[in-house]
Amino acid sequence: MQNRMPLVEAMLKYKNDKVYPFHTPGHKGGRGMEELLRHELGEGAMAMDVSLMSELDDIHAPSTYIKEAQDLAAKLYGSDKCFFAVNGTTGAIHAMLMAACKAGDKVLVPRNAHRSVAGALLLANLQPVFVMPEYDEAFGINTQITPQSVEQAFSRHADIKAVLVTSPNYYGQAADLAAIAKIAHAHNAALLVDEAHGPHLGFNKKLPQSALQCGADACAQSTHKILGAMTQCSLLHVKGGRIDLARAAEVMSLLTTTSPNYLLMASLDAARYTLAKKGVALADKALEAAAKLRGVLGKFDGLRLLDERCVGKNGVAGFDAAKVTVNTAAWGYTGVEVGDALRKEGVAVELTDAGNVLFLVTYADGGTDYTTALDEIKSVFTELQLHKRKPLAMQSGGKLPDFTQAMPLRQAFDAEKESVPLDEAESRICAEQVSFYPPGIPVLWPGEVVTPDVLAYCKRMKELGLPVSGPADYTLTELRVIK
(Lines give C-alpha, C1' and ligand atoms only; values in the text may rest on other atoms or scores of the structure.)
Protein backbone atom coordinates (compact mmCIF):
# COMPACT_ATOMS: atom_id res chain seq x y z
CA MET A 1 0.00 0.00 0.00
CA GLN A 2 2.86 2.41 0.85
CA ASN A 3 4.84 1.58 -2.31
CA ARG A 4 3.52 4.47 -4.42
CA MET A 5 3.92 8.24 -4.70
CA PRO A 6 0.61 9.05 -6.43
CA LEU A 7 1.03 12.81 -6.67
CA VAL A 8 4.67 12.60 -7.78
CA GLU A 9 3.71 10.05 -10.43
CA ALA A 10 0.88 12.23 -11.74
CA MET A 11 3.14 15.27 -12.00
CA LEU A 12 5.82 13.29 -13.83
CA LYS A 13 3.22 12.04 -16.29
CA TYR A 14 2.05 15.59 -16.96
CA LYS A 15 5.68 16.69 -17.48
CA ASN A 16 6.47 13.77 -19.79
CA ASP A 17 3.33 14.35 -21.86
CA LYS A 18 5.04 17.59 -22.98
CA VAL A 19 1.80 19.56 -22.79
CA TYR A 20 2.11 23.18 -23.92
CA PRO A 21 0.93 25.31 -20.96
CA PHE A 22 -1.64 27.98 -21.75
CA HIS A 23 -2.08 28.33 -17.99
CA THR A 24 -0.26 29.63 -14.93
CA PRO A 25 2.45 29.91 -13.68
CA GLY A 26 3.62 32.63 -16.01
CA HIS A 27 7.16 31.30 -16.38
CA LYS A 28 5.65 28.44 -18.48
CA GLY A 29 7.78 25.54 -17.38
CA GLY A 30 10.83 27.73 -16.86
CA ARG A 31 10.74 29.39 -20.28
CA GLY A 32 10.14 32.80 -18.76
CA MET A 33 12.26 32.49 -15.64
CA GLU A 34 15.50 34.39 -15.13
CA GLU A 35 18.20 32.18 -16.63
CA LEU A 36 20.46 32.10 -13.56
CA LEU A 37 17.67 30.92 -11.27
CA ARG A 38 16.32 28.48 -13.86
CA HIS A 39 19.77 26.93 -14.14
CA GLU A 40 20.15 26.59 -10.37
CA LEU A 41 16.68 25.15 -9.85
CA GLY A 42 16.90 22.79 -12.80
CA GLU A 43 14.83 22.41 -15.95
CA GLY A 44 13.06 19.34 -14.59
CA ALA A 45 11.81 21.08 -11.46
CA MET A 46 10.55 24.06 -13.44
CA ALA A 47 8.64 21.80 -15.80
CA MET A 48 6.92 20.28 -12.75
CA ASP A 49 6.00 23.67 -11.26
CA VAL A 50 2.41 23.54 -12.43
CA SER A 51 -0.80 25.16 -11.28
CA LEU A 52 -4.10 23.90 -9.98
CA MET A 53 -5.73 21.71 -12.60
CA SER A 54 -8.14 18.78 -12.70
CA GLU A 55 -5.49 16.40 -14.05
CA LEU A 56 -3.47 16.78 -10.85
CA ASP A 57 -6.33 17.06 -8.35
CA ASP A 58 -7.40 20.00 -6.16
CA ILE A 59 -6.17 20.37 -2.56
CA HIS A 60 -9.44 22.14 -1.69
CA ALA A 61 -11.56 19.19 -2.84
CA PRO A 62 -9.15 16.28 -3.26
CA SER A 63 -10.60 13.26 -5.03
CA THR A 64 -7.72 11.56 -6.87
CA TYR A 65 -3.93 11.96 -6.53
CA ILE A 66 -3.79 14.42 -3.61
CA LYS A 67 -6.49 12.46 -1.79
CA GLU A 68 -4.58 9.22 -2.27
CA ALA A 69 -1.33 10.82 -1.10
CA GLN A 70 -3.01 12.26 2.01
CA ASP A 71 -4.74 8.95 2.73
CA LEU A 72 -1.42 7.12 2.53
CA ALA A 73 0.08 9.57 5.03
CA ALA A 74 -2.89 9.13 7.37
CA LYS A 75 -2.54 5.34 7.22
CA LEU A 76 1.20 5.52 7.86
CA TYR A 77 0.86 7.78 10.90
CA GLY A 78 -2.34 6.23 12.23
CA SER A 79 -4.66 9.22 11.88
CA ASP A 80 -8.22 9.31 10.56
CA LYS A 81 -7.41 12.19 8.24
CA CYS A 82 -4.22 13.87 7.05
CA PHE A 83 -4.08 17.27 5.39
CA PHE A 84 -1.12 18.58 3.38
CA ALA A 85 -0.15 22.02 4.73
CA VAL A 86 1.80 24.11 2.22
CA ASN A 87 2.09 27.24 4.36
CA GLY A 88 4.13 25.56 7.06
CA THR A 89 3.25 24.25 10.48
CA THR A 90 2.11 27.78 11.31
CA GLY A 91 -0.83 27.24 8.96
CA ALA A 92 -1.43 23.74 10.30
CA ILE A 93 -1.49 25.05 13.89
CA HIS A 94 -3.93 27.78 12.90
CA ALA A 95 -6.21 25.19 11.29
CA MET A 96 -5.87 22.73 14.18
CA LEU A 97 -7.03 25.26 16.77
CA MET A 98 -9.80 26.64 14.58
CA ALA A 99 -11.05 23.14 13.83
CA ALA A 100 -11.11 22.09 17.49
CA CYS A 101 -12.56 25.28 18.96
CA LYS A 102 -15.13 27.98 18.36
CA ALA A 103 -14.91 31.72 19.02
CA GLY A 104 -14.68 32.50 22.72
CA ASP A 105 -13.51 29.03 23.77
CA LYS A 106 -10.70 28.64 26.30
CA VAL A 107 -7.49 26.86 25.31
CA LEU A 108 -4.76 25.74 27.69
CA VAL A 109 -1.50 27.04 26.25
CA PRO A 110 2.08 26.48 27.50
CA ARG A 111 3.79 29.80 28.01
CA ASN A 112 6.62 28.60 25.81
CA ALA A 113 4.35 27.89 22.84
CA HIS A 114 5.53 29.04 19.41
CA ARG A 115 4.47 32.47 18.16
CA SER A 116 2.19 30.82 15.57
CA VAL A 117 -0.13 29.84 18.42
CA ALA A 118 -0.78 33.51 19.18
CA GLY A 119 -1.79 33.99 15.55
CA ALA A 120 -4.20 31.08 15.79
CA LEU A 121 -5.79 32.42 18.98
CA LEU A 122 -6.22 35.82 17.35
CA LEU A 123 -7.73 34.45 14.14
CA ALA A 124 -10.15 32.19 16.00
CA ASN A 125 -10.81 34.70 18.82
CA LEU A 126 -9.92 32.16 21.50
CA GLN A 127 -9.02 32.74 25.16
CA PRO A 128 -5.64 31.41 26.27
CA VAL A 129 -5.24 29.87 29.72
CA PHE A 130 -1.49 29.97 30.19
CA VAL A 131 0.56 27.36 32.03
CA MET A 132 4.22 27.94 32.82
CA PRO A 133 6.62 25.21 31.69
CA GLU A 134 9.22 23.66 33.97
CA TYR A 135 12.73 25.10 33.80
CA ASP A 136 16.15 23.46 33.59
CA GLU A 137 18.58 25.74 35.42
CA ALA A 138 21.67 23.81 34.30
CA PHE A 139 20.98 24.49 30.63
CA GLY A 140 18.86 27.62 31.06
CA ILE A 141 15.99 26.26 28.97
CA ASN A 142 12.22 26.05 29.36
CA THR A 143 11.22 22.40 29.13
CA GLN A 144 7.65 21.04 29.33
CA ILE A 145 4.39 21.50 31.16
CA THR A 146 3.45 18.69 33.55
CA PRO A 147 0.26 16.65 33.92
CA GLN A 148 -0.10 18.21 37.38
CA SER A 149 -0.05 21.75 35.96
CA VAL A 150 -2.65 20.74 33.37
CA GLU A 151 -4.92 19.32 36.08
CA GLN A 152 -4.50 22.49 38.14
CA ALA A 153 -5.51 24.60 35.13
CA PHE A 154 -8.74 22.59 34.78
CA SER A 155 -9.47 23.13 38.47
CA ARG A 156 -9.39 26.88 37.79
CA HIS A 157 -11.04 26.75 34.36
CA ALA A 158 -13.38 23.78 34.06
CA ASP A 159 -14.59 25.05 30.66
CA ILE A 160 -11.27 24.62 28.81
CA LYS A 161 -12.12 23.14 25.42
CA ALA A 162 -8.64 22.16 24.22
CA VAL A 163 -5.17 21.55 25.60
CA LEU A 164 -2.26 22.55 23.39
CA VAL A 165 1.17 21.03 24.05
CA THR A 166 4.44 21.62 22.22
CA SER A 167 6.10 18.20 22.12
CA PRO A 168 8.90 17.61 21.53
CA ASN A 169 10.31 21.06 22.19
CA TYR A 170 13.14 22.58 20.15
CA TYR A 171 15.70 20.67 22.21
CA GLY A 172 14.09 17.27 21.58
CA GLN A 173 12.39 16.94 24.98
CA ALA A 174 8.95 15.32 24.88
CA ALA A 175 6.11 15.94 27.33
CA ASP A 176 4.14 13.22 29.13
CA LEU A 177 1.48 13.30 26.43
CA ALA A 178 -0.18 10.05 27.46
CA ALA A 179 -0.92 11.38 30.94
CA ILE A 180 -1.97 14.79 29.64
CA ALA A 181 -4.28 13.13 27.08
CA LYS A 182 -6.08 11.25 29.85
CA ILE A 183 -6.58 14.45 31.83
CA ALA A 184 -7.82 16.43 28.84
CA HIS A 185 -10.22 13.70 27.75
CA ALA A 186 -11.54 13.27 31.28
CA HIS A 187 -12.57 16.93 31.10
CA ASN A 188 -14.07 16.51 27.58
CA ALA A 189 -11.29 18.59 26.05
CA ALA A 190 -9.25 17.79 22.95
CA LEU A 191 -5.47 17.34 23.07
CA LEU A 192 -3.74 19.28 20.30
CA VAL A 193 0.00 18.85 19.80
CA ASP A 194 2.44 21.16 18.09
CA GLU A 195 4.67 18.30 16.91
CA ALA A 196 6.72 20.46 14.58
CA HIS A 197 9.94 18.75 15.66
CA GLY A 198 8.51 15.24 15.72
CA PRO A 199 7.35 14.03 12.29
CA HIS A 200 9.80 11.12 12.65
CA LEU A 201 8.66 9.99 16.08
CA GLY A 202 6.97 6.62 16.50
CA PHE A 203 8.92 4.90 13.73
CA ASN A 204 11.80 3.66 15.86
CA LYS A 205 11.74 2.41 19.46
CA LYS A 206 14.87 4.44 20.21
CA LEU A 207 12.76 7.59 19.83
CA PRO A 208 9.81 8.83 21.90
CA GLN A 209 6.30 7.78 20.90
CA SER A 210 4.41 10.05 18.55
CA ALA A 211 1.61 12.37 19.67
CA LEU A 212 -1.02 10.19 17.99
CA GLN A 213 0.32 7.07 19.72
CA CYS A 214 -0.05 8.92 23.04
CA GLY A 215 -3.71 9.78 22.45
CA ALA A 216 -3.61 13.20 20.77
CA ASP A 217 -6.73 14.25 18.88
CA ALA A 218 -4.72 16.29 16.39
CA CYS A 219 -1.10 17.18 15.70
CA ALA A 220 0.78 19.47 13.35
CA GLN A 221 4.15 18.27 12.05
CA SER A 222 6.95 20.11 10.25
CA THR A 223 7.78 17.46 7.69
CA HIS A 224 10.44 19.80 6.31
CA LYS A 225 12.34 20.12 9.60
CA ILE A 226 13.40 16.51 10.10
CA LEU A 227 12.31 14.56 7.02
CA GLY A 228 12.89 15.01 3.29
CA ALA A 229 10.14 17.48 2.38
CA MET A 230 10.89 20.97 1.11
CA THR A 231 10.85 24.01 3.38
CA GLN A 232 7.29 25.11 4.19
CA CYS A 233 5.87 21.58 4.02
CA SER A 234 3.88 20.22 6.95
CA LEU A 235 1.15 17.76 7.83
CA LEU A 236 -1.98 18.12 9.96
CA HIS A 237 -3.37 14.90 11.42
CA VAL A 238 -6.76 14.44 13.06
CA LYS A 239 -7.79 11.29 14.96
CA GLY A 240 -10.86 10.33 16.96
CA GLY A 241 -14.28 11.90 17.27
CA ARG A 242 -13.52 15.02 19.30
CA ILE A 243 -12.75 17.08 16.20
CA ASP A 244 -15.19 17.07 13.30
CA LEU A 245 -13.34 16.00 10.14
CA ALA A 246 -15.62 18.03 7.90
CA ARG A 247 -14.92 21.16 9.95
CA ALA A 248 -11.19 20.41 9.81
CA ALA A 249 -11.34 20.15 6.03
CA GLU A 250 -13.35 23.36 5.81
CA VAL A 251 -10.86 25.26 7.98
CA MET A 252 -7.86 23.91 6.07
CA SER A 253 -9.43 25.06 2.81
CA LEU A 254 -10.19 28.46 4.31
CA LEU A 255 -6.57 28.99 5.36
CA THR A 256 -4.84 27.46 2.32
CA THR A 257 -3.90 29.37 -0.80
CA THR A 258 -5.94 28.68 -3.93
CA SER A 259 -2.63 28.39 -5.79
CA PRO A 260 -0.78 25.70 -3.83
CA ASN A 261 2.71 24.81 -4.99
CA TYR A 262 2.65 21.30 -6.40
CA LEU A 263 6.38 20.86 -5.91
CA LEU A 264 5.81 21.32 -2.16
CA MET A 265 2.95 18.84 -2.12
CA ALA A 266 4.97 16.36 -4.18
CA SER A 267 7.81 16.59 -1.67
CA LEU A 268 5.34 15.72 1.11
CA ASP A 269 4.23 12.68 -0.89
CA ALA A 270 7.86 11.65 -1.42
CA ALA A 271 8.86 12.22 2.23
CA ARG A 272 5.99 9.98 3.35
CA TYR A 273 7.14 7.29 0.88
CA THR A 274 10.72 7.43 2.15
CA LEU A 275 9.60 7.24 5.78
CA ALA A 276 7.31 4.30 5.06
CA LYS A 277 10.06 2.36 3.31
CA LYS A 278 13.01 3.15 5.55
CA GLY A 279 11.73 4.77 8.74
CA VAL A 280 13.51 2.54 11.25
CA ALA A 281 16.80 2.51 9.34
CA LEU A 282 16.76 6.27 8.76
CA ALA A 283 16.22 6.96 12.46
CA ASP A 284 19.13 4.66 13.26
CA LYS A 285 21.27 6.57 10.75
CA ALA A 286 20.39 9.93 12.32
CA LEU A 287 21.05 8.67 15.84
CA GLU A 288 24.37 7.18 14.77
CA ALA A 289 25.43 10.49 13.20
CA ALA A 290 24.35 12.37 16.34
CA ALA A 291 26.34 9.96 18.51
CA LYS A 292 29.48 10.77 16.51
CA LEU A 293 28.94 14.49 17.11
CA ARG A 294 28.36 13.85 20.82
CA GLY A 295 31.57 11.85 20.85
CA VAL A 296 33.49 14.84 19.48
CA LEU A 297 31.97 17.32 21.92
CA GLY A 298 32.13 14.95 24.88
CA LYS A 299 35.92 14.92 24.80
CA PHE A 300 36.08 18.56 25.92
CA ASP A 301 36.16 19.09 29.67
CA GLY A 302 33.61 21.52 31.03
CA LEU A 303 31.06 21.30 28.24
CA ARG A 304 27.63 19.98 29.22
CA LEU A 305 25.65 17.86 26.74
CA LEU A 306 21.87 17.49 26.91
CA ASP A 307 21.05 13.77 26.81
CA GLU A 308 18.69 11.04 28.02
CA ARG A 309 19.42 11.97 31.63
CA CYS A 310 16.92 14.83 31.25
CA VAL A 311 14.06 12.30 31.09
CA GLY A 312 12.07 12.16 34.31
CA LYS A 313 12.98 15.72 35.26
CA ASN A 314 11.27 19.07 34.65
CA GLY A 315 8.26 17.49 32.96
CA VAL A 316 10.36 15.66 30.33
CA ALA A 317 9.04 12.16 29.52
CA GLY A 318 11.12 11.36 26.43
CA PHE A 319 14.15 12.58 24.50
CA ASP A 320 15.13 12.67 20.83
CA ALA A 321 18.89 12.09 20.84
CA ALA A 322 19.23 13.35 17.27
CA LYS A 323 19.02 16.85 18.75
CA VAL A 324 22.53 17.63 20.04
CA THR A 325 22.60 20.54 22.50
CA VAL A 326 25.88 21.63 24.08
CA ASN A 327 26.12 24.17 26.89
CA THR A 328 29.22 26.37 26.77
CA ALA A 329 28.58 28.51 29.86
CA ALA A 330 31.39 26.86 31.84
CA TRP A 331 33.86 28.18 29.27
CA GLY A 332 32.42 31.71 29.54
CA TYR A 333 30.89 31.74 26.08
CA THR A 334 27.27 32.37 25.12
CA GLY A 335 25.71 30.07 22.57
CA VAL A 336 25.44 33.01 20.20
CA GLU A 337 29.21 33.57 20.33
CA VAL A 338 29.94 29.91 19.68
CA GLY A 339 27.43 29.81 16.85
CA ASP A 340 29.15 32.78 15.22
CA ALA A 341 32.57 31.11 15.59
CA LEU A 342 31.25 27.93 13.95
CA ARG A 343 29.64 29.86 11.09
CA LYS A 344 32.96 31.54 10.27
CA GLU A 345 34.37 28.07 9.71
CA GLY A 346 31.51 26.98 7.47
CA VAL A 347 29.27 25.25 10.03
CA ALA A 348 25.74 26.62 10.52
CA VAL A 349 23.71 25.52 13.54
CA GLU A 350 19.96 25.38 14.17
CA LEU A 351 19.73 27.44 17.35
CA THR A 352 21.84 29.51 19.71
CA ASP A 353 20.77 31.04 23.00
CA ALA A 354 22.24 32.43 26.21
CA GLY A 355 24.35 29.36 26.90
CA ASN A 356 23.58 26.67 24.33
CA VAL A 357 24.24 25.64 20.77
CA LEU A 358 21.79 23.22 19.14
CA PHE A 359 22.92 21.01 16.25
CA LEU A 360 20.00 19.45 14.36
CA VAL A 361 21.02 16.03 13.02
CA THR A 362 18.89 14.02 10.56
CA TYR A 363 19.24 10.93 8.40
CA ALA A 364 20.73 13.19 5.72
CA ASP A 365 23.90 13.41 7.83
CA GLY A 366 26.71 10.89 8.06
CA GLY A 367 28.58 11.20 4.75
CA THR A 368 32.11 12.39 4.03
CA ASP A 369 31.03 16.03 4.19
CA TYR A 370 29.57 15.35 7.64
CA THR A 371 32.92 13.94 8.75
CA THR A 372 34.59 17.09 7.47
CA ALA A 373 32.07 19.20 9.40
CA LEU A 374 32.87 17.26 12.59
CA ASP A 375 36.55 18.07 12.08
CA GLU A 376 35.68 21.76 11.74
CA ILE A 377 33.58 21.63 14.91
CA LYS A 378 36.42 19.96 16.79
CA SER A 379 38.82 22.65 15.56
CA VAL A 380 36.54 25.51 16.66
CA PHE A 381 36.00 24.05 20.14
CA THR A 382 39.70 23.35 20.51
CA GLU A 383 40.39 27.02 19.85
CA LEU A 384 37.67 28.14 22.27
CA GLN A 385 39.08 25.86 24.94
CA LEU A 386 42.44 27.59 24.66
CA HIS A 387 40.77 30.92 25.45
CA LYS A 388 38.30 29.99 28.16
CA ARG A 389 36.80 32.84 30.15
CA LYS A 390 35.06 33.28 33.46
CA PRO A 391 32.06 30.91 33.62
CA LEU A 392 28.63 32.36 32.88
CA ALA A 393 25.86 31.99 35.46
CA MET A 394 22.93 30.17 33.83
CA GLN A 395 20.34 29.85 36.65
CA SER A 396 17.43 31.95 35.33
CA GLY A 397 19.09 33.42 32.24
CA GLY A 398 16.56 32.04 29.78
CA LYS A 399 13.60 31.59 32.08
CA LEU A 400 10.45 33.22 30.76
CA PRO A 401 9.25 35.99 33.08
CA ASP A 402 5.84 35.90 34.72
CA PHE A 403 3.06 37.68 32.85
CA THR A 404 0.20 39.96 33.77
CA GLN A 405 -2.78 40.04 31.43
CA ALA A 406 -4.65 43.36 31.44
CA MET A 407 -7.12 42.82 28.59
CA PRO A 408 -8.20 40.05 26.21
CA LEU A 409 -5.84 39.19 23.36
CA ARG A 410 -8.20 40.10 20.53
CA GLN A 411 -9.33 43.33 22.19
CA ALA A 412 -5.72 44.45 22.58
CA PHE A 413 -4.90 43.51 18.99
CA ASP A 414 -7.80 45.60 17.68
CA ALA A 415 -7.26 48.57 20.02
CA GLU A 416 -5.79 51.90 18.99
CA LYS A 417 -2.02 51.80 19.40
CA GLU A 418 1.00 54.03 19.67
CA SER A 419 4.75 53.47 19.70
CA VAL A 420 6.91 54.39 22.69
CA PRO A 421 10.63 53.88 23.38
CA LEU A 422 11.23 50.48 24.98
CA ASP A 423 12.73 52.15 28.07
CA GLU A 424 9.48 54.09 28.55
CA ALA A 425 7.14 51.12 28.05
CA GLU A 426 7.10 49.93 31.66
CA SER A 427 3.56 49.53 33.06
CA ARG A 428 2.02 50.07 29.61
CA ILE A 429 -0.21 47.45 27.98
CA CYS A 430 1.53 45.76 25.08
CA ALA A 431 -0.32 45.87 21.75
CA GLU A 432 1.86 43.48 19.75
CA GLN A 433 3.63 40.17 20.07
CA VAL A 434 7.33 40.10 20.93
CA SER A 435 9.47 36.98 20.58
CA PHE A 436 13.12 36.21 20.02
CA TYR A 437 13.94 33.80 17.25
CA PRO A 438 14.82 31.03 17.40
CA PRO A 439 12.96 29.46 19.12
CA GLY A 440 10.20 32.02 18.49
CA ILE A 441 8.59 31.92 21.94
CA PRO A 442 6.68 35.14 22.77
CA VAL A 443 7.74 36.96 25.92
CA LEU A 444 4.93 39.48 25.41
CA TRP A 445 1.44 38.90 24.01
CA PRO A 446 -1.01 41.66 23.09
CA GLY A 447 -2.94 42.74 26.19
CA GLU A 448 -0.15 42.07 28.69
CA VAL A 449 1.50 44.56 31.01
CA VAL A 450 5.12 45.44 30.30
CA THR A 451 6.65 44.64 33.68
CA PRO A 452 10.22 45.35 34.87
CA ASP A 453 11.00 41.62 34.57
CA VAL A 454 9.76 41.53 30.98
CA LEU A 455 11.83 44.59 30.10
CA ALA A 456 14.91 43.05 31.68
CA TYR A 457 14.38 39.83 29.70
CA CYS A 458 13.99 41.72 26.42
CA LYS A 459 17.13 43.76 27.04
CA ARG A 460 19.07 40.63 27.95
CA MET A 461 18.03 38.87 24.73
CA LYS A 462 18.87 41.97 22.68
CA GLU A 463 22.33 42.09 24.25
CA LEU A 464 22.86 38.49 23.17
CA GLY A 465 22.11 39.55 19.61
CA LEU A 466 19.07 37.30 19.15
CA PRO A 467 16.77 38.42 16.29
CA VAL A 468 13.38 39.80 17.29
CA SER A 469 10.20 38.68 15.53
CA GLY A 470 6.69 40.02 15.87
CA PRO A 471 6.98 43.73 16.71
CA ALA A 472 6.61 46.46 14.12
CA ASP A 473 10.08 47.71 15.08
CA TYR A 474 12.24 44.65 14.59
CA THR A 475 15.11 46.33 16.47
CA LEU A 476 12.81 46.59 19.50
CA THR A 477 13.97 50.13 20.11
CA GLU A 478 10.29 51.02 20.31
CA LEU A 479 7.26 49.00 21.38
CA ARG A 480 3.64 49.27 20.27
CA VAL A 481 1.35 49.78 23.27
CA ILE A 482 -2.33 50.54 23.85
CA LYS A 483 -2.88 54.25 23.31
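The following paragraphs describe the pockets, the enclosed cavity, one helix packing and some backbone features of a predicted model.

The largest pocket of the model has a volume of about 840 Å³. Its lining is made up of 49 residues, and those closest to the centre of this pocket are Ala113, His114, Arg115, Pro439 and Ile441. Several elements of secondary structure contribute to this lining, since at least two residues each are supplied by α5 (88-100), α6, β5 (141-142), α9 (223-226) and α15 (452-464). The greatest contribution to the lining of the largest pocket is that of α6, which provides 5 residues. When the lining residues of the largest pocket are sorted by class, 23 are nonpolar, 19 are polar and 7 are charged.

The second largest pocket, with a volume of about 380 Å³, is lined by 18 residues, and Val347, Ala348, Leu360, Asp365 and Tyr370 are the ones that lie nearest its centre. Two or more residues of this lining come from each of β15 (356-360) and α13, and the largest share, 5 residues, is that of α13. The lining of the second largest pocket comprises 12 nonpolar, 2 polar and 4 charged residues.

Apart from the pockets, the structure holds 1 cavity of 30 Å³ or more, and the space within this largest cavity amounts to about 150 Å³. The cavity is lined by 18 residues, with His200, Ile226, Leu282, Ala283 and Ala286 lying nearest its centre. Helix α11 (residues 262-297) accounts for the largest share of this lining, namely 6 residues. In terms of class, 12 of the residues that line the largest cavity are nonpolar, 4 are polar and 2 are charged.

Helix α11, which lines part of the cavity, also packs against helix α13 (residues 368-386), at an angle of about 20° and with the two axes 10 Å apart. Angles under 35 degrees count as roughly parallel, and α11 and α13 are therefore roughly parallel to each other. The crossing of these two helices, α11 and α13, is right-handed. On the side of α11, the contact involves Ala289, Ala290, Lys292, Leu293, Val296 and Leu297, which meet Tyr370, Leu374, Ile377, Lys378 and Phe381 of α13. The residues of this contact between α11 and α13 comprise 9 nonpolar and 2 charged residues, with no polar ones. Tyr370 of α13 thus appears in the contact with α11 and is also listed among the residues that lie nearest the centre of the second largest pocket.

Some backbone features were also found in loops of the model. A cis peptide bond, with omega about 0°, joins Thr24 and Pro25, and Pro25 is located in the loop between α1 (6-16) and α2 (35-41). A cis peptide bond is likewise present between Ser167 and Pro168, where omega is about 0°, and Pro168 belongs to the loop between β6 (160-166) and β7 (173-174). Asn125, although it is not a glycine, has a positive phi of about 55°, and this residue, Asn125, is placed in the loop between α6 (115-124) and β3 (127-131). The helix α6 that precedes this loop is the element that gives the most residues to the lining of the largest pocket.

Key. Residues numbered from 1 in each chain as written. Predicted model: local features only at pLDDT ≥ 70, side-chain atom pairs only at ≥ 80, totals over all residues. Heavy atoms only, no water. 1 Å grid on protein atoms, 1.4 Å probe; cavity = no way out; pocket = protein on both sides within 12 Å on 5 of 7 lines; lining within 4 Å. Points joined across faces, edges and corners; volume = space filled by probe spheres on them. Helix = DSSP H or I, 4+ residues; strand = E, 2+ residues; numbered from the N terminus. Nonpolar A, V, L, I, M, F, W, Y, C, P; charged D, E, K, R; others polar. Axes fitted to C-alpha atoms, helices over the stretch in contact; angles between N-to-C directions. Parallel < 35°, antiparallel > 145°, perpendicular 65-115°, else oblique. Left-handed = near helix turned anticlockwise from the far one by under 90°. Contact = heavy atoms within 4.5 Å.
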